[in-house]
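Biologist: I'm new to this one, so please take me through a close look at a single part, the lining of the largest cavity. What classes of residue does it have?

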Amino acid sequence: MMKIPEHVAIILDGNGRWAKSKGLPRNAGHTAGAKNVETVCQAADELGIKYLTLYAFSTENWNRPDAEVEALMNLLESYLKNCIKTASKNNMRVRVIGEIGRLSEKFQNRIKELEEASSVNTGLNLTIAINYGSRDEMIRAMKNMMQDEKDGKLSIEDVTAELFSGYLDTKDLPDPDLLIRTSGEQRLSNYLLWQLAYSEFYFTDVAWPDFHKKELEQAVEAYNKRDRRFGGLKEE
């Protein structure tokens with residue numbers, strides 16, 4: 001019997017290259033990638049995956065050309081607006097992680113509306129990382145810990161890995177069992193560095209717009225072939 005990972009994290013890569021291969025502008029690739037999110041969410045739910053975390057926009061993505069950043073922001077905002085209906089239809093809970101303070105007030109309100117509207121849903125837990133960078137996340141966590149120490153809410157002796165995890169954006173989520181990166185690149189790109197400490201990695205040459213249920217199943221099959229060990233002890 002195939003073991004299904006509880007939590008899968010994905011780096012959505014290759015939208016631009018996908019568009020270029022078809023003679024289309026880069027933004028057409030981002031649009032196709034956004035449409036593919038629902039397809040993969042449905043596939044994950046059908047497989048029995050409980051948590052899915054997608055890297056949509058990193059803190060480094062602001063360095064892209066202004067026109068591309070603006071198009072991405074508009075696309076993400078539009079997706080979140082439509083996602084309220086999608087989440088309701090699919091009984092899906094949606095959360096956003098990252099430093100959302102840099103986003104527009106309208107965008108932040110979209111996030112709050114979506115999180116509140118989907119909070120009662122009991123199906124797939126979808127987390128979208130927007131303006132997220134793991135180093136930024138850990139620095140923000142450390143600042144909050146230092147403030148709590150200054151306020152007398154904790155002492156140095158209280159600090160453990162478990163406590164630190166509670167200050168991260170993902171504090172309500174289990175750590176990923178499997179990381180998938182599409183489109184052939186094999187790096188983490190500042191994504192969930194703390195949380196991926198014991199995760200299995202799976203890299204595929206398939207670009208994100210072409211990553212569908214069959215590709216997700218192949219990743220899960222590869223995960224099942226891994227001899228997972230923690231501190232020298234094999235996972236049972």
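Modeller: Going by class, you'll find four nonpolar residues, four polar ones and no charged ones lining the largest cavity. (Nonpolar covers Ala, Val, Leu, Ile, Met, Phe, Trp, Tyr, Cys and Pro; Asp, Glu, Lys and Arg are charged; the others, Gly among them, are polar.) Keep in mind that this is a predicted model, where local features need pLDDT of at least 70, side-chain atom pairs count only at pLDDT 80 or more, and totals for chains, interfaces and linings use all residues. Residues are numbered from 1 along each chain as its sequence is written, and side-chain values use heavy atoms, with hydrogens and water left out.

To find the lining on screen, pick out H7, T53, T170, L173, P174, P176, L192 and Q195. The space they surround comes to about 30 Å³, and the structure has one cavity of 30 Å³ or more. (On a 1 Å grid over the protein atoms alone, a 1.4 Å probe fits in a cavity but cannot get out; a pocket is open, with protein on both sides within 12 Å along at least five of seven lines; lining residues have an atom within 4 Å of a point.)

Now set that beside the largest pocket, which holds about 650 Å³ of space. Its lining runs to 28 residues, with L12, Y55, A56, N61 and R64 lying nearest the centre. By class, that lining splits into 14 nonpolar, eight polar and six charged residues. Look for α1 (15-21), α2 (26-47), β2 (51-58) and α3 (66-89) around the pocket, since each of these gives at least two residues to its lining.

Strand β2 also leads us to the sheet, an open one of six strands with parallel pairing, in the order β3-β4-β2-β1-β5-β6. At the edges stand β3 (93-97) and β6 (200-203), each with a single partner strand, so each has one side left without a neighbour in the sheet. The partner of β6 is β5 (residues 178-181), and the two pair in the parallel sense over four bridges. One pairing to look up is L179 with its bridge partner F201 in β6. (Strands pair if DSSP finds at least two bridges between them.)

Zooming out, the whole protein chain has seven helices and eight strands. (These are DSSP runs: H or I of at least four residues for helices, E of at least two for strands.) Its C-alpha trace spans about 60 × 45 × 35 Å along the principal axes.

How values were computed:
Points joined across faces, edges and corners; volume = space filled by probe spheres on them.
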